[in-house]
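Visitor: I am new to this structure. Could you walk me through it?

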Amino acid sequence: MGGSGGGNTFDIRMPSAPVPSVAELVDAEITTKLSEAKRVKEVLGEFLTAQSGDFILAALNAGQGDCCVMKLPDGKIVVVDCNVRSANVNLIGFLEKAGVKTIDLLILTHPDQDHVSGLPKLADAFKVTQLLDGRFRKEGPDGERTPGYEEYRQAIEKLRASGTDILNRTPTMRDELNLRNVNIEFLSPRAPMLAQDANEASLAFRVSFGERSVLFGGDVTKERWEEIVASKGTGLKSDVFWCSHHGADSGCCPPAIQSISPDLSIVSVGENSYGHPHSDAMDTLRQHSGDVRRTDEGTISIMSRQGGEWKRIT
């Protein structure tokens with residue numbers, strides 16, 4: 001046991017947790033992919049069989065970024081942001097399998113790559129009838145552009161040349177866009193545009209049809225949400241909230257989420273080094289939402305038949 005002058009120490013080894021084998025890790029990955037494939041198949045089935053008057057929303061498992069596809073009650077297709085980097089569900093393939101030939105409205109909340117990286121591929125693969133973006137210019141003092149932003153601008157110009165109607169100004173609070181029975185009310189950015197970075201310039205908007213509603217938060221900052229709440233108050237109430245900035249603290253405003261009071265909050269997130277989603281933001285969402293779901297746990301899809309209550313698809 002070691003005498004006082006022996007200098008011996010106890011070598012105590014605690015049992016360690018079993019390390020999964022390579023085969024177990026591969027099996028887990030295959031199971032995850034099969035589960036995701038089943039989810040996507042179920043969502044595609046609803047897209048292909050939707051009746052006039054049905055509204056479907058799919059929050060794709062698109063990695064660390066945002067990517068949403070909506071089928072409106074009149075059959076029109078709206079895409080909100082289009083991240084494809086490290087995506088588990090390929091947006092282009094999803095749209096093709098859903099029978100989409102034309103994207104009727106493409107909304108790009110702001111030009112960060114985790115929201116627009118798929119634009120060049122979309123421009124090549126589909127006709128886009130109308131495009132609306134935040135129009136924030138990610139350029140240096142001498143007009144220099146990052147490679148990602150340069151590709152983004154080139155894709156915009158390609159769409160313009162092909163006949164896409166590109167709205168020539170940034171929608172701001174109180175602007176509205178009416179798509180027959182669906183209304184889009186813009187909440188941000190404010191006017192005049194004073195944003196110093198892309199997140200400050202991000203679009204936020206509320207899509208409503210009948211008694212159903214979805215609020216998209218883009219990457220709107222906490223400070224901007226405070227201004228929106230001061231202006232709109234209880235007018236933010238929505239069934240579904242697409243959480244701002246992937247669940248970052250910088251986009252989490254408790255009074256705003258309390259005002260929105262959603263039945264479902266969607267956090268679009270993937271593997272990242274930013275700590276998204278932050279625990280405090282998730283706690284706030286859980287406190288004020290009926291349910292909180294994350295896209296890194298699988299594609300999320302809901303639908304409303306003929307304006308009725310939301311039904312969960314996946």
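Visitor: Over which residues does pLDDT stay under 50?

Guide: This is a predicted model, and pLDDT is the predictor's confidence in each residue, from 0 to 100. Where pLDDT is low, the predicted coordinates should not be read in detail. One stretch has 2 contacts beyond four places in sequence (contact means heavy atoms within 4.5 Å), and pLDDT stays under 50 there: residues 1-15.

Visitor: What pLDDT does the chain average?

Guide: Some ground rules come first. Residues are numbered from 1 along each chain as its sequence is written, and side-chain values use heavy atoms, with hydrogens and water left out. In this predicted model, local features need pLDDT of at least 70 and side-chain atom pairs count only at pLDDT 80 or more, while totals for chains, interfaces and linings use all residues. Of the residues, 87% score at least 70, and the chain average is 88.

Visitor: Which side chain of opposite charge is nearest to Lys71?

Guide: Lys71 is found in strand β2, residues 67-71 (strands are DSSP runs of E, at least two residues, and helices are runs of H or I, at least four, numbered from the N terminus). Lys71 is buried, that is, under 20% relative accessible area, where exposed means over 50% and partly exposed in between (1.4 Å probe, protein chains only). Lys71 has no salt bridge, meaning a side-chain nitrogen of Lys or Arg within 4 Å of a carboxyl oxygen of Asp or Glu. The nearest side chain of opposite charge (Lys and Arg count as positive, Asp and Glu as negative; His and the chain ends are not counted) is 8.4 Å away: Asp54.

Visitor: Which backbone oxygen lies 2.7 Å from a polar atom of the Lys71 side chain?

Guide: Leave aside the neighbours within four places in sequence. Lys71 is then in contact with several residues, including Ala50, Phe55 and Ile77. The backbone oxygen at 2.7 Å from the side chain's polar atom belongs to Phe47.

Visitor: How many residues apart in sequence are the parts tied together by Arg305 and Glu46?

Guide: The two side chains meet in a salt bridge, 3.2 Å from N to O. Arg305 lies in the loop between β14 (300-304) and β15 (310-312), and Glu46 in helix α1 (residues 22-49), so the parts tied together are far along the chain from each other by a count of 259 residues.

Visitor: Is Asp283 buried or partly exposed?

Guide: Asp283 and Arg286 both lie in helix α9, residues 279-288, about one turn apart. Their side chains meet in a salt bridge of 3.4 Å, N to O. With a relative accessible area of 44%, Asp283 is partly exposed.

Visitor: Which helix gives the most to the largest nonpolar core?

Guide: A nonpolar core is a set of buried Ala, Val, Leu, Ile, Met, Phe, Trp, Tyr and Cys residues joined through side-chain atoms within 4.5 Å. The largest has 38 residues, of which Phe94, Leu95 and Leu119 touch the most other members. With 5 residues, the helix giving the most to this core is α5.

Visitor: In which loop does Thr221 lie?

Guide: Thr221 is buried, with a relative accessible area of 16%. Beyond its neighbours within four places in sequence, its contacts include Asn199 and Ser250. Its loop runs between β10 (212-216) and α7 (222-232).

Conventions
Polar contact = N/O pair within 3.5 Å; in protein donor to acceptor, adjacent residues only side chain to side chain.
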